[in-house]
Amino acid sequence: MGVLRILFWLLIGWLVYRFIRQLVHKPTSRPAPPQPPNIEQMLRCELCGLHVPQSEAIASKGHTYCCDDHRRRAQSTT
Ligand SMILES: [Zn+2]
């Protein structure tokens, strides 16, 4: 019976080991999926051709400019 006892305790030990491993590896909180980088749309200045991010671009009458000076210059010539 000695060998069976050893095997029995080995089995118990293995089950406990697996149980603890499962507890340790259990995800408590799912990591948030990585957000795609917010790629800002680049708009082209109609006067100088410079590409500026949409948040910095000056939009006027359907045209976009890199700065207010270029907007005024473009609209004064046309
Ligand atoms: Zn410009």
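The chain has a radius of gyration of 33 Å, whereas a compact globule of 78 residues would have one near 12 Å. This is a predicted model, and its C-alpha trace spans about 105 × 20 × 15 Å along the principal axes of the chain. The points below take up the elements, the burial and contacts, one residue of helix α1, and the confidence of the prediction.

**Elements of the chain**
- The chain holds 2 helices and 4 strands, and, read from the N terminus, these elements follow the order α-β-β-β-β-α.

**Burial and contacts**
- Of the 78 residues in the chain, 6% count as buried.
- Among the contacts in the chain with a separation of 6 or more, 9% are accounted for by residues that stand 24 or more positions apart.

**The residue V24**
- V24 lies in helix α1, which covers residues 2-25.
- V24 counts as exposed because 7 C-beta neighbours are found inside 10 Å, and a residue is exposed if that number is 12 or fewer.
- Measuring from C-alpha to C-alpha, V24 and A74 are 65 Å apart in space, while in sequence the two are 50 residues apart.

**Confidence of the prediction**
- The average pLDDT of the chain is 88, and 94% of the residues score at least 70.
- Within the chain, confidence is highest in strand β4 (residues 63-65), at 95, and lowest in helix α2 (residues 68-77), where the mean is 90.

Terms used:
Residues numbered from 1 in each chain as written. Predicted model: local features only at pLDDT ≥ 70, side-chain atom pairs only at ≥ 80, totals over all residues. Buried ≥ 20, exposed ≤ 12 C-beta atoms within 10 Å, placed from the backbone. pLDDT = per-residue confidence, 0-100. Rg over C-alpha atoms; globule rule 2.2 N^0.38 Å. Contact = placed C-beta atoms within 7 Å.
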